[in-house]
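User: Could you take a close look at one part of this model for me, namely how the strands are arranged? Keep it relaxed, and go from one piece to the next.

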Amino acid sequence: MTASFFEQPLNVPAGIAPRLRCPSCRGVLRTVSAADVHCVDCSAQYAVVNGTPILIDAERSIFTPKEIIATYEAERRRPPPSALGRLAWAVASRTPHVTSYRRQEIIAQRFADLLASRMKAPTILVVGSGTEGIGVSALQAIPDATLCEFDVYLTDSRMLVADLLDLPFESGTFDAVVAQGVLEHVIDPHRAVEEIRRVLKSDGLVFSTTPFVLGVHLPVADYTRFTRLALLRLFRRFKPIECDVVEGAAVSLAYALAYFWMALLSSFGWPAGAKIAKYSGNYLIFWLRWVDGLVRRSPVSIDAAASYYYVGQLSEATLSDREIVGMFKGLGLCPW
Ligand SMILES: [Zn+2]
């Protein structure tokens, strides 16, 4: 099988680079110069910025390489923050969280342990959260693991810029795909899961987390929420290993209170009130994440989870809708 070949080294791990493919036609890629690679089959040309290839099909994606590079360059040109800006950042970064990163790390560690127990030296695709995302250190700690990360934004540490809807890899490249807090931000999550499936090896594992009871949390790019059953159906061409609550009804309440407080303070024709509320309100409600350690064990938390996780193995069989409905675990009680 022909491998992609680059005369200039890319930021993509050496073992993965030959399996990079054109996001448009999945053809083999070759170097044009240090700043470009091109597709041998369809002649499409892709920019490379400081070793990071931008493998996005501008015709099909909602993200355009031109805008991605312009945003990156504008960010680099931005003057360092003033003393007041640094102080504001210091205060903001010390705001207590309403979400439990510890709980998210425990779930990610469990997945890393499962992966390490099943595969030696796994190649792992990390979607969207970069090299500093939650649980990534657990993946990096797997002996001889190769991590390849990408996002739709360019940064100095990014390996690759790509769109999850047209992954620029040869089919069957990865042992595992990790997509934490990503699928709600993709305009077509069903196509995204098909792409995840395509780039996995035949016994490959997927680990995904998605919010449920949470308001819109990224401007423009936040499209959908999944119930637990909807998540199982989204991954119906996988064999589910675990699908459960990351954070339960207490964190859902904290989210709702945080949005209420932001709405209240910005409802007097003063939008900046939302930002003040964002950094002040959490001091009142951060403790709810501790209560969640108890509350999330209730089946009601399955119905009103703040977020779910899914772990599955690629399967030849497709779960039927009847099988999926049979996997309901909540209570389904209405509060009215
Ligand atoms: Zn091509």
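Analyst: Let's start with one pair of residues: L29 has C39 in β2 as its bridge partner. That bridge belongs to the pairing of β1 with β2, which is antiparallel and counts four bridges. The link between β1 and β2 is a hairpin, with two residues making the connection. Bear in mind throughout that this is a predicted model.

Just before all that comes R26, in the segment that leads into β1. The phi of R26 is near 65°, which is positive even though the residue isn't glycine. As background, most residues other than glycine have a negative phi. R26 counts as partly exposed because 17 other C-beta atoms lie within 10 Å, between the limits of 12 or fewer for exposed and 20 or more for buried.

Now take β2 itself. This strand has two faces: V37 and C39 are on the covered one, while D36 and H38 are on the uncovered one. So C39, the partner of L29, is a covered-face residue, because V37 and C39 make up that face. V37 has a partner too, namely Y46 in β3. The pairing of β2 with β3 is again antiparallel, this time over three bridges.

The turn between those strands is worth a pause. Five residues separate the strands in the hairpin of β2 and β3, and S43 has a positive phi near 65° there. S43 sits in the loop running from β2 (36-39) to β3. How exposed is S43, and why? The residue is classed as exposed because just 10 other C-beta atoms come within 10 Å, and the limit for that class is 12 or fewer.

Next, strands further along the chain. β5 (residues 123-127) runs parallel to β6, and five bridges join them. One bridge there ties I124 to L147 in β6. β6 (residues 146-151) also pairs with β7 (residues 160-162), in the parallel sense and over two bridges. In that case D151 has V161 of β7 as its partner.

Now step back to the whole sheet. There are 11 strands in an open sheet, with mixed pairing, and the order reads β1-β2-β3-β4-β7-β6-β5-β8-β9-β11-β10. Which strands stand at the edges? They are β1 (29-33) and β10 (238-247); each has a single partner strand, so one of its sides has no neighbour in the sheet. From one strand to the next, the twist averages 25°. Helix α1 (residues 65-77) packs on this sheet, where it touches β3 (45-49), β4 (52-55) and β7, and its direction makes about 10° with that of β3.

What about the nonpolar packing? The largest nonpolar core holds 86 residues, and V127, V161, V177 and V178 have the most contacts inside it. Helix α7 (residues 249-265) supplies the largest share of this core, with eight residues. Domain 1 (17-77) and domain 2 (249-295) each give the core at least three residues. In general, nonpolar side chains in soluble globular proteins tend to be buried together.

Some of these core names tie back to the strands. V161, one of the residues with the most contacts in the core, is the β7 partner of D151. V127 is another of those core residues, and β5 spans residues 123-127. Outside its neighbours within four places in sequence, V127 contacts F150, L164, V177, V178, A179 and V182. V177 and V178 in that set are themselves among the residues with the most contacts in the core.

A few surroundings to finish. L114 lies in helix α3 (residues 101-118). With 17 other C-beta atoms within 10 Å, L114 is partly exposed. L205 is 91 residues away from L114 along the chain, yet their C-alpha atoms are 9.4 Å apart. On a wider scale, the chain is divided into domain 1 (17-77) and domain 2 (249-295), and 40 Å separate their centres, taken over C-alpha atoms.

How far should you trust it? The mean pLDDT of the chain is 92, with 98% of residues at 70 or more. Confidence is lowest in helix α2 (residues 83-93), where the mean is 86, and highest in helix α5 (residues 189-199), at 98.

Technical notes
Residues numbered from 1 in each chain as written. Predicted model: local features only at pLDDT ≥ 70, side-chain atom pairs only at ≥ 80, totals over all residues. Core = buried A, V, L, I, M, F, W, Y, C linked by C-beta atoms within 7 Å. Domains from an automatic or database assignment. Contact = placed C-beta atoms within 7 Å. Pairing = 2+ DSSP bridges. Axes fitted to C-alpha atoms, helices over the stretch in contact; angles between N-to-C directions. pLDDT = per-residue confidence, 0-100.
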